[in-house]
Amino acid sequence: MKILNVVGARPNFMKMAPIIAAIQRRAQEVAQVLVHTGQHYDETMSASFFRDLQMPAPDINLEIGSGTHAEQTAMVMLALEPVLIAERPDWVVVVGDVNSTLAAALTAAKLGIKIAHVEAGLRSFDRAMPEEINRVLTDRISDLLLTPSKDADRNLLAEGIAPERIVCVGNVMIDSLFVQVERARQSTILADLNVSPRQFGVVTLHRPSNVDDAATLKNIFAALTAIAAELPIVFPIHPRTKARLAEFGIEPPPTLRLIEPLGYRDFLQLWSNARLVLTDSGGLQEETTAMGIPCLTLRDNTERPITIEQGTNRLVGRELASIVAAAIEILNSEQPRQPRIPDLWDGRTAERIVEALLKN
Ligand code: UD1
């Protein structure tokens, strides 16, 4: 059997690394090829993750780079089609919900190559999010829907997807987390930033709905500035957000420390020692749940409701008062609520994925 794995953007790498390792362990039965679309290309957004996650270098890099949604999607399709024709894999494996995910799935579907979608079935029910479009369409054309949790199965069934195409395998990102958490302790990031465990907060923000509108971003920064007066905050800043801050003339106070994006291990060591995480990332909602770190999500909805029902996550929207009040509540609470780690978020998801690929 031959599997062709596709990655494109930062949140794909920690999902694919354990799958590649699990396939390597069965190299007698399965050959694999790794394609990087090049959607993310900076050292800090891509190469450093390959190193930290001990991933092999991509066999093929399509080098598509940045662009509008249509440009990115079209460029991946144009560049990937000849690769799929030459490689003729039995499976194309795509992960997550970025533009590269949908573009690769669409290219494979038109060539009649079977597609497995890892992290299938998540729904925010908010079509204004580009990722929601990518999720719905990728699931629709995939042959095997590998879900992280039972709520995802229910979403797919409600959309009329045949139950035999759905396999609940658990959350593969947590495989990476469990493998790397010990190694991350060697990171010197806390000392480098001169912060002590549980004495600081971590912020990440990059969603267009939060950072592309001046009034919304100013409002969020006003909230972060108020919180930073109580708890120093470290903010590894996404290139999109950095560009918007300059454009909108927003100048954060010194207690809100903006730093360059971090690699996987440094960032893991940072957030897992934080008192509080504020984010609009999807993955971080799940990772904080797995490690029991309080998380406030600056969005009105989430495609990952299990992190609220069972984990440490809370939706706080984008209003100044609600963000600050939720943060202060966490700072004043002695003992955060003990979260439950969802079923099958056990570090063995990649093995189950490979089993499912071999069986189908
Ligand atoms: C993409 C994903 C999003 C994911 C996020 C994680 C889509 C629709 N969005 O959003 O789901 O949560 O990645 O980061 O696929 N840029 C750089 N260096 C890079 C990559 C991007 O400077 O290596 C800058 C460019 O100016 C680019 C902008 O960031 O135009 C946005 O990049 P893009 O890949 O379009 O989307 P993200 O916002 O990163």
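This dialogue covers the ligand site of a predicted model.

Q: Which residues come nearest to the ligand?
A: A residue counts as near if one of its heavy atoms lies within 4 Å. Here 17 residues surround the ligand, and His-40, Asn-99, Glu-131, His-206 and Arg-240 come nearest.

Q: What classes of residue make up the shell around the ligand?
A: The shell has eight polar, five nonpolar and four charged residues.

Q: Where do oxygen atoms of the ligand lie relative to N or O atoms of the protein?
A: A polar contact is a pair of N or O atoms within 3.5 Å. A backbone N or O atom of Asn-99 is 2.8 Å from a ligand oxygen, and one of Tyr-41 is 2.9 Å from a ligand oxygen. For Arg-240 the N or O atom belongs to the side chain, at 2.9 Å from an oxygen atom of the ligand. On its own the ligand has 740 Å² of accessible area, of which the protein covers 84%.

Q: Which helices and domains supply the shell?
A: Helices α3 (69–87) and α11 (239–248) each give at least two shell residues. Domain 1 (2–171 + 345–359) and domain 2 (183–332) each contribute at least three.

Q: What pocket does the ligand take up?
A: The ligand occupies the largest pocket.

Key:
Residues numbered from 1 in each chain as written. Predicted model: local features only at pLDDT ≥ 70, side-chain atom pairs only at ≥ 80, totals over all residues. Heavy atoms only, no water. Polar contact = N/O pair within 3.5 Å; in protein donor to acceptor, adjacent residues only side chain to side chain. Areas by Shrake-Rupley, 256 points an atom, 1.4 Å probe, with all protein chains shown as cover. 1 Å grid on protein atoms, 1.4 Å probe; cavity = no way out; pocket = protein on both sides within 12 Å on 5 of 7 lines; lining within 4 Å. Sits in = over half its atoms within 2 Å of the grid points. Helix = DSSP H or I, 4+ residues; strand = E, 2+ residues; numbered from the N terminus. Nonpolar A, V, L, I, M, F, W, Y, C, P; charged D, E, K, R; others polar. Domains from an automatic or database assignment.
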